[in-house]
Amino acid sequence: MSDYILYYSPDSANLIVRMALQEADVAYEARLVDRSRGEQRSSEFLRLNPQGLLPVLVHRRATTHSNNGSVADTVLFETAAICLYLIDRHPLLGPGINHDGRGDLYRWLFYISNTLHADLRIRFYAERYMGDRDAGHLRDMVSERILGHLQLLDRHIAAHNGIWMLDSGFSALDLYLGVCCRWLMLYPAGYPVAINQVSSNTHVWRLLTALEKRPAVARACNAEWIKAPFFINPSRAEPAEGSVLG
Ligand SMILES: N[C@@H](CCC(=O)N[C@@H](CS)C(=O)NCC(=O)O)C(=O)O
C-alpha cells in the first residue's frame with residue numbers, strides 16, 4: 001500500500017504536489033475528484049478539506065507504523081503546506097531542516113503561495129469576487145500585479161545567478177512557480193497572458209526551460225493528460241474520454 005493518497009483533478013494545484021511526489025520518487029495512489037461534477041463539494045471530500053479545494057494529500061501514517069495501527073493518517077490541504085511537509089520528509093525536494101537556506105525556503109515558498117498563487121486565483125475566479133460587475137476590470141488589474149510578481153521573482157533569481165529559485169539548488173518551489181506560470185499562459189479560457197509577457201522574464205523562463213527537461217515533471221504531466229511542452233507554449237490537459245487515472 002502507498003504511503004500517500006493524492007486527490008486530484010487534471011491540471012489543478014495537485015499537479016504541483018504530483019510533480020513533487022514524482023521528484024521524491026515515492027509511491028502514491030491518485031484519486032480523481034471530478035470537478036465537472038462538483039465532487040470537490042461532496043460531503044466525503046469536504047471532510048478532507050472543508051474549503052472544497054484541491055489538492056488534498058493524505059499521508060497514511062498507520063501503514064508506516066505497522067506495530068501501532070492506531071496512528072491517525074495525516075490529512076493535508078493548502079499547496080504550500082503540502083510542499084513544506086514533503087520537503088521535510090524528502091530531502092530531494094529542498095534544503096534540509098538545519099540548512100542555511102531554510103529562511104530562503106520559507107520566504108519564497110510563502111511569497112509564491114500567498115502572493116503569486118493568491119492573485120492567480122483572483123484572475124481565474126474574478127466573477128466570484130465581483131459577481132457580474134466588472135469582473136473583466138478586476139482580471140485586468142490583477143494581471144498587471146501578477147506580471148509585477150514575476151518581475152520580482154526574476155530579479156531574485158538573477159541576484160543569485162542560479163537556475164532555480166533557491167541558491168541551494170532545485171526545490172519544490174521551482175515546481176510551484178513553474179505550474180503558476182503554466183496556468184498564467186492558459187487560464188481562464190479566453191484570457192491567457194501572452195507567452196512573451198512571461199518569457200521576457202529571462203531568468204524565470206530559463207527555470208521553466210530547465211523544468212521542461214526533468215523526467216519526474218514529465219511523468220507527473222503525463223499522468224494528468226498534459227502533453228509537452230508543459231511550460232513553454234503550454235497546452236491544456238486533454239483527458240481521454242472515460243479514462244480514470246491510475
Ligand atoms: N489556497 C489553495 C488554493 C487551491 C485551489 O485554488 N484549488 C483549485 C484548483 S487549482 C480548486 O480546487 N478549485 C475548485 C473550486 O474553486 O471549486 C491551495 O494553495 O491549495
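**Sheet, domains and ligand site in the predicted model**

Strand β3, which spans residues 56-59, is joined to β4 by 4 bridges, and the two strands run antiparallel. Within this pairing, His59 has Thr74 of β4 as its bridge partner. The structure described here is a predicted model, and the pair β3 and β4 belongs to an open sheet of 4 strands, arranged in the order β2-β1-β3-β4 with mixed pairing. Because β2 (28-32) and β4 (74-77) each have a single partner strand, they stand at the edges of the sheet, and one side of each is left without a neighbour there. On average, and with direction ignored, neighbouring strands of this sheet are turned by 20° against each other.

Two helices were found to lie across strands of this sheet. Helix α1, formed by residues 14-24, lies across β1 (4-8), β2 and β3, and its direction makes an angle of about 150° with β1. Helix α4, formed by residues 79-89, lies across β1, β3 and β4, and runs at about 130° to β4. The loop between α1 and β2 contains Asp25, a residue that has a positive phi of about 60° although it is not a glycine.

Two cis peptide bonds are described next. One of them joins Leu54 and Pro55, with omega at about 10°, and Pro55 has its place in the loop between α2 (43-48) and β3, the strand that is bridged to β4 as described above. Another cis peptide bond leads from Tyr187 to Pro188, where omega is near -5°; Pro188 lies in the loop between α8 (172-184) and α9 (195-199).

Leu54, which takes part in the cis bond to Pro55, also belongs to the surroundings of the ligand, where 15 residues are found and where Leu54, Glu78, Thr79, Arg121 and Arg128 come nearest. For Leu54 the approach involves the backbone, since a backbone N or O atom of this residue lies 2.8 Å from an oxygen atom of the ligand. Side chains also approach the ligand: an N or O atom in the side chain of Arg121 is 2.5 Å from an oxygen atom of the ligand, and a polar side-chain atom of Gln40 lies 3.0 Å from a ligand oxygen atom. On its own, the ligand has 520 Å² of accessible area, of which the protein covers 91%.

With regard to the overall division of the protein, the domain assignment gives domain 1 (4-93) and domain 2 (102-214). The C-alpha centres of domain 1 and domain 2 lie 23 Å apart, and the contact between them takes 18 residues from domain 1 and 21 residues from domain 2.

Note on methods
Residues are numbered from 1 along each chain as its sequence is written. This is a predicted model: local features need pLDDT of at least 70, side-chain atom pairs count only at pLDDT 80 or more; totals for chains, interfaces and linings use all residues. Side-chain values use heavy atoms; hydrogens and water are left out. Two strands pair if DSSP finds at least two bridges between them. Axes are lines fitted to C-alpha atoms, for helices over the stretch in contact, and angles run from 0 to 180 degrees between N-to-C directions. Contact means heavy atoms within 4.5 Å. A residue is near a molecule or strand if one of its heavy atoms lies within 4 Å of it. A polar contact is a pair of N or O atoms within 3.5 Å; within protein, one must be able to donate a hydrogen and the other to accept it, and residues adjacent in sequence count only if both atoms are side-chain atoms. Accessible areas come from the Shrake-Rupley method with a 1.4 Å probe; for residues, only the protein chains shown count as cover. Domain bounds come from an automatic or database domain assignment.
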